[in-house]
Structure formats: C-alpha cells, structure tokens
Amino acid sequence: MPDVRLPGTLSPLFPGLPRRLELEAAASVLDAIDELEQRWPGLRDRLVAEGPSLRSHIHVYVDGERAALDTPVAERSRLDVIAAISGG
Amino acid sequence: MSKTLLTVATRKGAFILESDDRREWTLRGPYCEGWPIYHAIYDPTTGSIYAAAASEWHGSGVWRSDDLGETWEMSSEGLSYGDDDGRKVSKVSTLARAGDRLLVGVEAPGIFESRDNGETWSLLSTLSGQHGSEAWDDPASQPPGHLGISGFVTDTGDSDNFFAIVQGIGAFETEDGGSSWTPRNNGLRRDWPSDWDDVGFCVHKLVRSSNPERMYQQNHVGVHRSDDAGKSWTEITEGLPGDFGFAAAVHPHDTETFFVIPVDGGHGRTMHEGKTTVWRTRDAGSSWQPMRNGLPQENAHLGVLRQGMTIDRHDIPGVYVGTSTGQVFASPDEGETWNEIASYLPSISSVDVAIVE
C-alpha cells in the first residue's frame, strides 16, 4: 500500500486529513490523488491544475524521484507531496 | 444595535474590523488560513462574507463565512476552464452579488457564477466575440499581476444587468445575464494606440451612484464621469494632482460627491509628495478638495489598490482606505477627519464595509 506524506497547508482545509496515510492501491500519482479526492472531496483541485498537470509549486516525489501525474506508483512506494518553498 | 463591519482582504488572509460608533474599532483575524485574498465582500443578500483567494501552492477558490468571520469554508468546485480548454484560472480577482447570482471574476479573463451561495461555480462568460477578445487569453499580452476580470458594478436586486471590467481592455455591460455584452468606453481617454475604437481602455475602478445614470471611474489616464449610465464619458481630472490612480468611491446619498486617491503612475504608485490624501469632489468633478485632516502628511509613501477604498451607507457616510503597506484609515464624516484604525496588517488588496445588526 503506497505511503503518502502531505503538506501541512492542506490540513486546515480538510477536516480529518492526516499528514501521513496509506492508500489502498494506486497505479500512478494521479490515481493516488484521485483516491484522496474520493475521501476528501476538493483535495484534487488543491494539487492539480487544468490539463491536468500538477500545480506549478506542488512537487511530488515517488521513492525520492521527482514525479509527474503519470509517474507509476508501486505497491510499496512512498509519495512525498511538497509545497515548494518560495517567497518570504 | 447595529455595528459597522469592515472586511479587509490582504496578501496574508482576511481580517475584520468592527465598531459600534465608527471611532473605536476592534480587529479580528487573520482568517482564510493566510491565503492571499484579492477581494473580500460582505454579501447583504445572505449575510455571508466571501473572500476571493489565490494560493501560489493550492490554486484559486472562494472562502465563505456565514458567521461574520468566525468560521470559514472554501470551495473551488466548478471554478475551472476544464482540462481541454487551454485557459487556466490563475487567480480569482473580484466578487459581487447580482440578484441571485454570486459573481466572481477570474484570470484568464472570465466570469463564473454561483447560484448556491458559493458552494459550486459554473462559467458564465468570457466575453468572447468582443473586439480584441482573442488576445485576452495570451499570457504574452497581459500586464504584470494581471487580474483578468478586475471589477464589477452590480445591483444586488438585479441578476441580469451588470458591468464587468476586463483589465487593460475596458468596461462592458450586459443586460441579459452575461449572454451578450456592450462596450461602455465611449469618450474615455487613452494615450496609446488601439486596433479598435470601443476597446483598449484601462479602467481601474468603476462605480455607480444612487442615480444609476451617474457613474464615475478612475482610469489609467484620468478620472471620468458618465451622466447616461456609462454610455458616454467626460473627463473630470482637472484639479487633481495627477491623472493616475486606482481607488474610487461614490457617496451613497449624493450623486455629486465622489472620492479618488491619485498616485504616481510610474513604478512607485504611491501618493504624491508623500502626503496621504483622499481627494473629494462635491460638484461631480468640477472642483476637487484634498482631505488630509488626520492623515500622515510627511514621508508617507502609501499606495492604495483598486478595491482599497469604500464608503458606508450611514446618513453621514464613513470612508475607509486600506493601503498596500497595511494601514487602514477611517473617516466617520465623509472624509473631513481621519483616524488610523489598523497599522500593521499585511498588504491590503481590498476593503468593503457593511452595516450589520
């Protein structure tokens, strides 16, 4: 079951959303986000822009490698979703 | 007992200022999780506060509070051009109530509406077919900080008749709820070439007086008045220290009284000579008076954005100004005297005022 870590900026928007959780199954990053969307409606829009594409300041890493929405996810993958550091 | 409620949108969330007498104010916030807020309004139809937000990380949405700011929810459901359109909603810039429609203006330029008080949204219009509209969505032709649809003029009792401003293009009026639009820029000045006679104007702020025939606007070049509901415009800049500014407000009971805040039109975009000044006309722009009593007059290089001034509906109306450096100034007497009622807020995008029970 893929292990997902989410940025703290999402927590106030979705009651009950943990910073770390395991998904049932996901073939790709987009699948993983869509699974989160099923449990917390509206979450996909916070990470995914029109296209679809990842929002420009949201970075996703699969097992430590920079990923896109179509990047494959394995059963025991770790997904880190990062709100990119910028500004002051 | 009624109180005066000032909704303040900033680069780091929304704030509420409230007062029983318009002299002593209390401040609450920040709200909306510190998201950048471009425009926040109190909606007299529902009693809710709405805040148009755009996060660099998490995209755009509209926050809503049904309890005067104590709790908030955010929705962006339907607030998208879709995956196949090519345009993206980079920010939501402005909000207005028009009858049973809650309108939001976005960039790339478009208008979305909500019929369920901000729960869900749907695309109402992109004003397609207007002269020059094919270029509106090209990022290369958009100025820095582009807002897309940068303002509305609406009637809270009329769903179908309202004005929308396309930033850098001009003002347009619809009388059929956004199905068709008419440019309302006749007589405006512009100091640059345009391929078209009816568009290519830079309307910063458009307001309508208690007589709908009488409108005013602060333009990129000049302050203008209309006496025929926006069908034609006459420049009334003479007497002001400059022709550039953003903010404007019209007296709620007197169509002759109107306020603007001229600022340097170059890179600075702060008030002239470092003197904080709201300029008022009592005769529809024939003459102007500087209102400075209580405002800082030395080394005060303050800027005010297009939604940064508002006026309440008391018998003697109060005027409110929020600056891009986080001060809020309030006048309880039509601009005669001023007090600084907040000093250290984040950069202010908008102020909106309401009288609530």
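Biologist: How many helices and how many strands are there in chain B?
Modeller: Helices (H or I, at least four residues) and strands (E, at least two) are DSSP runs, numbered from the N terminus. This is a predicted model, in which local features need pLDDT of at least 70 and side-chain atom pairs count only at pLDDT 80 or more, while totals for chains, interfaces and linings use all residues. Residues are numbered from 1 along each chain as its sequence is written, and chains are lettered from A and ligands numbered from 1 in the order in which they are written. For chain B the counts are zero helices and 28 strands.

Biologist: What radius of gyration does chain B have, set against that of a compact globule with 357 residues?
Modeller: The radius is taken over C-alpha atoms, and the globule rule is 2.2 Å times the number of residues to the power 0.38. The C-alpha trace of chain B spans about 55 × 45 × 35 Å along its principal axes. A compact globule with 357 residues would have a radius near 21 Å, and in agreement with this chain B has 19 Å.

Biologist: What percentage of the residues in chain B are buried?
Modeller: A residue is buried if 20 or more other C-beta atoms lie within 10 Å of its own, exposed if 12 or fewer, and partly exposed in between, with C-beta atoms placed from the backbone. Of the 357 residues in chain B, the buried ones make up 53%.

Biologist: Which strands of chain B stand at the edges of the sheet β3-β2-β1-β28?
Modeller: Two strands pair if DSSP finds at least two bridges between them. The sheet is open, with four antiparallel strands in the order β3-β2-β1-β28. Pairing on one side only is found for β3 (26–31) and β28 (348–356).

Biologist: What is the bridge partner of B:L17 in β3(B)?
Modeller: B:L17 falls within β2 (residues 13–19) of chain B, which is joined to the antiparallel β3(B) by four bridges. In β3(B), the partner of B:L17 is B:L27.

Biologist: How many residues of strand β6 of chain B are buried?
Modeller: β6(B) pairs antiparallel with β5 (residues 48–55) over seven bridges, and with β7 (residues 73–75) over three. A hairpin with three residues between its strands is formed by β5(B) and β6(B). Strand β6 (residues 59–65) is largely enclosed by the rest of the structure, because the buried residues number seven of the seven.

Biologist: Which residue of β7(B) is the bridge partner of B:V62?
Modeller: On the β5 side, B:G61 in β6(B) stands opposite B:A53. On the β7 side, B:V62 has as its bridge partner B:S75.

Biologist: What is the average twist from one strand to the next in the sheet β8-β9-β10-β11 of chain B?
Modeller: This is an open, antiparallel sheet of four strands. β8 (91–98) and β11 (122–125) each have a single partner strand, so one side of each is left without a neighbour in the sheet. Axes are lines fitted to C-alpha atoms, for helices over the stretch in contact, and angles run from 0 to 180 degrees between N-to-C directions. The twist averages 35°.

Biologist: Which residues touch the most other members of the largest nonpolar core?
Modeller: A nonpolar core is a set of buried Ala, Val, Leu, Ile, Met, Phe, Trp, Tyr and Cys residues joined through C-beta atoms within 7 Å. The largest one has 97 residues. The residues that touch the most other members are B:V8, B:I37, B:A51 and B:M309.

Biologist: In what order do the elements of chain A run from the N terminus?
Modeller: Chain A has two helices and seven strands. The order is β-β-α-α-β-β-β-β-β.

Biologist: Is A:S11 buried or partly exposed?
Modeller: A:S11 lies in the loop between β1 (3–5) and β2 (20–22) of chain A. There are 14 other C-beta atoms within 10 Å, so A:S11 is partly exposed.

Biologist: How many residues of chain B are in contact with chain A?
Modeller: Two residues are in contact if their C-beta atoms, placed from the backbone, lie within 7 Å. Chain A contributes 15 residues, and chain B contributes 14.
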